Amino acid sequence: MTVLRTFELPDSVSGTTADRDLGRRLVRTWETDGIFQVAATAEQEKITEEALTESRRFFARSLPEKARFVSDLTYSGYIASGEEVTAGEADFSEIFTVCPDIPLTDKRVADAWPCHGPVPWPGEDYRAAMENYLREVGGIGEKLLKLVALGLELEPGRLTRLTRDGWHHMRVLRFPARSATTERGIGAHTDYGLLVIAAQDDVGGLFVRPPVPGEPRNRNWLPEESTAGMYQDEGPWHFVEPEPGVFTVFPGDILQFLTGGRLLSTPHKVRLATRERYTMAYFHEPSFGAVVRPLTGGDEPIHYGTHFTNMFTRCYPDRVTTRRIHREGRLAVLDRIRDPE
Ligand SMILES: O=C(O)CCC(=O)C(=O)O
Ligand SMILES: [Fe+2]
């Protein structure tokens, strides 16, 4: 792979021959490259720029100001540089995470569902810009899942049936410029859900690992098979050249699970550059209560809310959110959260 393939998405997906053909090309590109790009519309480019501008404004505030935006109910909010750990080593990204914004009056919050609560927004302009952005990438996610279902020879609604009231979330990131002591941005890892849709500025730093025939790949959803740190210093790693007007898209753990490993959750890592870097990584996900079964049968199902909670408690063992989950025995609540099948 030298340059990434870029696809234009149709206005809607209904299962036409053209849709099916595009779906097959998307699947084939993931099978060879592990990643592809989707062309942004002019409107999407504008909304992306507005979100990146708000992100720059927020991260420019002082650390004590930013550190106020955390919550013990949800993982939404601020994560300081060095706070997140991948495979036992600190990452240097600074992050604002946006999970579904669930008001305190919602029954799920009253019933102590883990990870459910309001986003501690740093301001109304920030909130509006991020919500606009989430709406756009959410639309792209739904379209892509329909196309990918067609590309896998399934009925078009087979994957989007999981994303009704999807637990979509996003990491709004800033990476400092590299220092004399480190180039580490984020260590090698895979992301947890169905799709990862990302927009980056012009600095660059993201690397992805394409599928390698015969290479063993872990199943990150199993505690004994974490992908964190895997192949960190061992190629092939492909540098994702920043390109204006595109979103990059690759599969997450749930798509690997669903397809029995035909589509692999793409390992990726970030290296710091000579300048600071801003990026937004959006995760298109099943609903919190979804019970996901492999298309091919076999394995135990994954309860998405449990998978999400496990991944976040593992990543942030000392965060107030994790402490409250443990203190109040909220993990036990997960057993009661099941979407009707
Ligand atoms: O910085 C990037 O481009 C990717 C960030 C990332 O991998 C993540 O937030 O999970
Ligand atoms: Fe990631």
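**Reading the sheet, the helix pair and the ligand shell**

Mentor: In this predicted model, four strands make an open sheet in the order β8-β13-β10-β11, paired antiparallel.

Trainee: What makes β8 and β11 edge strands?

Mentor: β8 (184-189) and β11 (238-239) have a single partner strand each, so one side of each lacks a neighbour in the sheet.

Trainee: How do you know that β8 pairs with β13?

Mentor: Pairing needs at least two bridges, and three bridges join β8 to β13 (residues 268-271), running antiparallel. As an example, His 189 has His 268 in β13 as its bridge partner.

Trainee: Now the helices. Why are α1 and α5 called roughly perpendicular?

Mentor: Helix α1 (residues 17-33) packs against helix α5 (residues 124-151) at about 85°, with the axes 7 Å apart. Angles of 65 to 115 degrees count as roughly perpendicular, and α1 and α5 therefore earn that description.

Trainee: Which residues of α5 meet α1?

Mentor: Leu 147, Val 148, Leu 150 and Gly 151 do, and their counterparts in α1 include Asp 19, Leu 22 and Val 27. By class, this contact has six nonpolar, two polar and three charged residues.

Trainee: What makes His 268 part of the shell around ligand 1?

Mentor: The cut-off is a C-beta atom within 6 Å of the molecule, and His 268 is among the residues around ligand 1, as are Arg 171, Asp 191 and Val 270. Elements giving two or more residues to this shell are β7 (169-175), β9 (195-200), β13 and β14 (277-284).

Trainee: How many residues of that shell are nonpolar, polar and charged?

Mentor: Six are nonpolar, three polar and two charged.

Notes
Residues are numbered from 1 along each chain as its sequence is written. Chains are lettered from A and ligands numbered from 1 in the order in which they are written. This is a predicted model: local features need pLDDT of at least 70, side-chain atom pairs count only at pLDDT 80 or more; totals for chains, interfaces and linings use all residues. Axes are lines fitted to C-alpha atoms, for helices over the stretch in contact, and angles run from 0 to 180 degrees between N-to-C directions. Angles under 35 degrees count as roughly parallel, over 145 as roughly antiparallel, 65 to 115 as roughly perpendicular and the rest as oblique. Two residues are in contact if their C-beta atoms, placed from the backbone, lie within 7 Å. Ala, Val, Leu, Ile, Met, Phe, Trp, Tyr, Cys and Pro count as nonpolar, Asp, Glu, Lys and Arg as charged, and the others, Gly among them, as polar.
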